[in-house]
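Student: I would like to practise reading a fold feature by feature, beginning with the sheet and ending with single residues. Could we go through one example together?

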Amino acid sequence: MTILRGISLVCTFLCLEQLNALGVPRALGSSDRVIVSPSVAKADFLNLGEELSAVVEGGAEWLHFSVQDGQMVPKISFGASLIASCREKFPDTIFDVKLGCIQPEYKIKAFCDAGADIITVHPESTLQLGAVINMIDKEGVAPGVILNPGTSISTVEHVIPQCQVVVVMLVNPGYGGPKYMDQAITKIQHLRALKPDLHISVDGGVNEKNAPLLLKAGANVLVVGGGVFKADDKRAAIDRLITGVVPVVNGKSE
């Protein structure tokens, strides 16, 4: 039985590799379940391999890579080479790449080749949003868009049928500041009505307290940074986000 199971796993891996080579995207799974996508930018980069292993073993099905070029987003984060290095160690994890770059059409190929499973882009970053979405799709990667607090759904409604993922930002990326919860909830509800099978991701200050509200509105992917990576028990932190249970300390919720 052990030998047969080993042969089955090898065949499954080879099939996935062949599908990827043919440009067939990896299945993201159903949008009717909760997925936690820890934000790699909040990990300890001196111990990155260990940090990512801990959250993947703790139940994270996706890893979120927030790429920032210092122009579209004021900070500079990392590039395709880091994603390629991580892909070698985590061949089965969904790599969720949020591309905060001006003119993403010139960078998409590099991130696809590095191992991205999802690439989302800002509609403000390109003059040809539809062409960019098509470019991502043709590479066999799941395409999507990012909605900043000031970005209306009408800006991207024409490409929603082609998108598998939409990221709703609670804050302006790279700036932090106040969370625009009411606007985010309204957008999530509208998006869920527009496309019921869409993966709706929320990013920017997501935590155990506001996650239940976001999930109730229709989101199903929670991008969380320090709330997962800084937790002593990462599995417990991920489980609480999925179940919506807020820990209680000394009779009070944290």
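Student: In what order do the strands of the open sheet of 8 strands lie?

Tutor: Please keep in mind that this is a predicted model. To read a sheet, one follows the pairing from strand to strand: here the order is β1-β8-β7-β6-β5-β4-β3-β2, and the pairing is parallel. The sheet is open, with β1 (35-38) and β2 (62-68) as its edge strands, each of which pairs on one side only. Direction ignored, neighbouring strands are turned by 25° against each other on average.

Student: How many bridges join β1 to β8, and how many join β7 to β8?

Tutor: Pairing is read from bridges between strands. β1 and β8 run parallel and are joined by 4 bridges, while 2 bridges join β7 to β8, again in parallel. Val 221 in β8 appears in both pairings, as the bridge partner of Ile 35 and as that of Ser 201. At the β2 edge, β2 pairs with strand β3 (residues 94-100) in the parallel sense over 7 bridges, and Leu 63 stands opposite Phe 95 in β3.

Student: Which residues of strand β8 are buried on one side and on the other?

Tutor: For a strand, one inspects each face separately. In β8 (residues 221-224), Val 221 and Val 223 on one side and Leu 222 and Val 224 on the other are all buried, and both faces are thus covered. Elsewhere in the sheet, helix α6 (residues 181-194) lies across β5 (142-147), β6 (165-169) and β7 (199-203), running at about 165° to β6.

Student: Is Gly 100 buried or exposed, and with which residues is Gly 100 in contact?

Tutor: Burial is judged by relative accessibility, with under 20% as the cut-off for buried. Gly 100, which lies in strand β3, counts as buried because its relative accessibility is 3%. Leaving aside neighbours within four places in sequence, Gly 100 is in contact with Val 67, Gln 68, Asp 69, Met 72, Val 73 and His 122.

Student: At what angle do the axes of helix α2 and helix α9 cross?

Tutor: For two helices, one reads the approach of the axes, then the angle and the handedness. The axes of α2 (residues 48-57) and α9 (residues 234-243) come within 8 Å and cross at roughly 50°, and the two helices are therefore oblique to each other. Their crossing is right-handed. In the contact, Glu 51, Ala 54, Val 55 and Glu 57 in α2 meet Lys 234, Arg 235 and Ile 238 in α9; by class, this contact has 3 nonpolar, no polar and 4 charged residues.

Key
Residues are numbered from 1 along each chain as its sequence is written. This is a predicted model: local features need pLDDT of at least 70, side-chain atom pairs count only at pLDDT 80 or more; totals for chains, interfaces and linings use all residues. Side-chain values use heavy atoms; hydrogens and water are left out. Axes are lines fitted to C-alpha atoms, for helices over the stretch in contact, and angles run from 0 to 180 degrees between N-to-C directions. Angles under 35 degrees count as roughly parallel, over 145 as roughly antiparallel, 65 to 115 as roughly perpendicular and the rest as oblique. A crossing is left-handed if the near helix is turned anticlockwise from the far one by less than a right angle, and right-handed if clockwise. Contact means heavy atoms within 4.5 Å. Ala, Val, Leu, Ile, Met, Phe, Trp, Tyr, Cys and Pro count as nonpolar, Asp, Glu, Lys and Arg as charged, and the others, Gly among them, as polar. Two strands pair if DSSP finds at least two bridges between them. Buried means under 20% relative accessible area, exposed over 50%, partly exposed in between (1.4 Å probe, protein chains only).
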